[in-house]
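Hi,

Here is the structure I promised to pass on. Have a look at it first, and then read my notes below with the model open next to you.

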Amino acid sequence: LFPTDLLNTSQQPLDLNVTFARDADSDSITIYYYINGKLNQTSLTNTTFNASSGNYILNVSLSDGFANTSNVTVNFTIDTAPPIVNTSLNKSLTNIVFGDIINLTANATDSVSLSFGQIIVNDTGFFRYFNFSLESSNIAQLSQNITINCYGGCVINFTVRVNDTSNNFRTNDTIITVFDNIKPRINASINNSAPRINEAVN
């Protein structure tokens, strides 16, 4: 029987699949689908179930017109809503400079259950990945210290991606341009350490 017991899924419409042996005297088999205790539909074949997000109990029984089987029951959850993700940095976006250690913190929530999270740092084409297990909780926080390794004018994209147990996901991007706080340097020398009046110095 599909869905399997305790399945979390975002699939809509959801396939309802029943496998059973051929009737001994070749009678047609009618499948009875009950959702949360009420008859949802009958069918000679597998079918689909359209529903909003929520917890459901599916009972299935078979009949050849003369006898019914006992019910098979599974519990499943439909979750079509992606997680909510909010991010913050420990420094103003316009004042980040080379050598800074930036703490990126993301707070994630989900109506059913979170699964995993990822922070991706793209330093103008150089990628760094940080992975987090969110342990099937509804509320979680991801936090990562990131050293700024590129100079002023470099564009960095901080990406947070969070998945829930139904494989819905949300992505949050923060794009910054590293501020150039490095002053120019001038190196100079002269060819005469003790010049006299009217002498040319190079």
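Before we start on the rings, one definition: two rings of Phe, Tyr or Trp count as a pair if their centres lie within 6.5 Å, and the pair is called stacked if the planes are under 30 degrees apart or edge-to-face if they are over 60. Keep in mind that this is a predicted model.

**Ring pairs**

With that definition, a search of the whole structure turns up 5 aromatic pairs. One of them is F49 with Y56, with 5.3 Å from centre to centre and 85 degrees between the planes, which makes it edge-to-face. Are these two residues buried or exposed? Buried means under 20% relative accessible area. F49 has 5%, so it is buried, and Y56 is buried too, because its value is 13%. Ring pairs also tie F49 and Y56 together with F76 in a cluster.

Another pair is F98 with Y151. Their ring centres are 4.3 Å apart and their planes meet at 20 degrees, so this pair is stacked. Now find the two on the chain: F98 is in the loop between strand 8 and strand 9, while Y151 is in the loop between strand 12 and strand 13. That puts them 53 residues apart, so to speak a link between distant parts of the chain. F98 counts as partly exposed, at 34% relative accessibility.

**The open sheet**

Next, look for the open sheet of 5 strands, which has mixed pairing and the order 1-7-6-3-4. Which strands sit at its edges? They are strand 1 (7-9) and strand 4 (38-43), and each of them pairs on one side only. On average, neighbouring strands in this sheet are turned by 30 degrees against each other, ignoring direction.

A bit of background helps here: the strands of a sheet pair through backbone hydrogen bonds, and they can do so in a parallel or an antiparallel way. You can follow the antiparallel kind through this sheet:

- Strand 3 (residues 30-35) runs antiparallel to strand 4, and 5 bridges join them. I31 stands opposite S43 of strand 4.
- Strand 3 also pairs with strand 6 in the antiparallel sense, over 6 bridges. Here Y34 has N59 of strand 6 as its bridge partner.
- Strand 6 pairs with strand 7 (residues 72-78), again antiparallel, over 7 bridges. V60 faces V72 of strand 7.

Why is strand 6 described as largely enclosed by the rest of the structure? Because 7 of its 10 residues (the strand covers 54-63) are buried.

**Two nonpolar cores**

The largest nonpolar core has 23 residues, and I119, I156, F158 and V162 are the ones with the most contacts inside it. Strand 9, strand 10, strand 12 (139-147) and strand 13 (155-164) each supply at least two of its residues. Another core lies apart from it, with 17 residues, including L14, F49, A51 and I78. You have met F49 already, in the edge-to-face pair with Y56.

What does I119 touch, if we leave aside its neighbours within four places in sequence? Its contacts include L104, F130, F132, L142 and I146, and also R128, Q144 and T159.

**Three residues to click on**

T159 lies in strand 13. It is buried, because its relative accessibility is 12%. The side chain of T159 makes a polar contact of 2.4 Å with the side chain of D173. Beyond its neighbours up to four places away in sequence, T159 touches Q118, I119, I120, T171, N172 and D173.

S113 sits in the loop between strand 9 (101-109) and strand 10 (114-123). Being in a loop, is S113 buried or exposed? At 8% relative accessibility, S113 is buried. Once residues up to four places away in sequence are left out, S113 touches S136, S137, N138, D164 and T165.

T94 is also in a loop, the one between strand 8 (84-89) and strand 9. T94 counts as exposed, because its relative accessibility is 58%. Its C-alpha atom is separated by 15 Å from that of L104, a residue 10 places along the chain.

Have fun exploring!

Conventions
Residues are numbered from 1 along each chain as its sequence is written. This is a predicted model: local features need pLDDT of at least 70, side-chain atom pairs count only at pLDDT 80 or more; totals for chains, interfaces and linings use all residues. Side-chain values use heavy atoms; hydrogens and water are left out. Two strands pair if DSSP finds at least two bridges between them. Helices (H or I, at least four residues) and strands (E, at least two) are DSSP runs, numbered from the N terminus. Axes are lines fitted to C-alpha atoms, for helices over the stretch in contact, and angles run from 0 to 180 degrees between N-to-C directions. Buried means under 20% relative accessible area, exposed over 50%, partly exposed in between (1.4 Å probe, protein chains only). Contact means heavy atoms within 4.5 Å. A nonpolar core is a set of buried Ala, Val, Leu, Ile, Met, Phe, Trp, Tyr and Cys residues joined through side-chain atoms within 4.5 Å. A polar contact is a pair of N or O atoms within 3.5 Å; within protein, one must be able to donate a hydrogen and the other to accept it, and residues adjacent in sequence count only if both atoms are side-chain atoms. Rings of Phe, Tyr and Trp (its six-membered ring) pair if their centres lie within 6.5 Å; planes under 30 degrees apart count as stacked, over 60 as edge-to-face and the rest as tilted.
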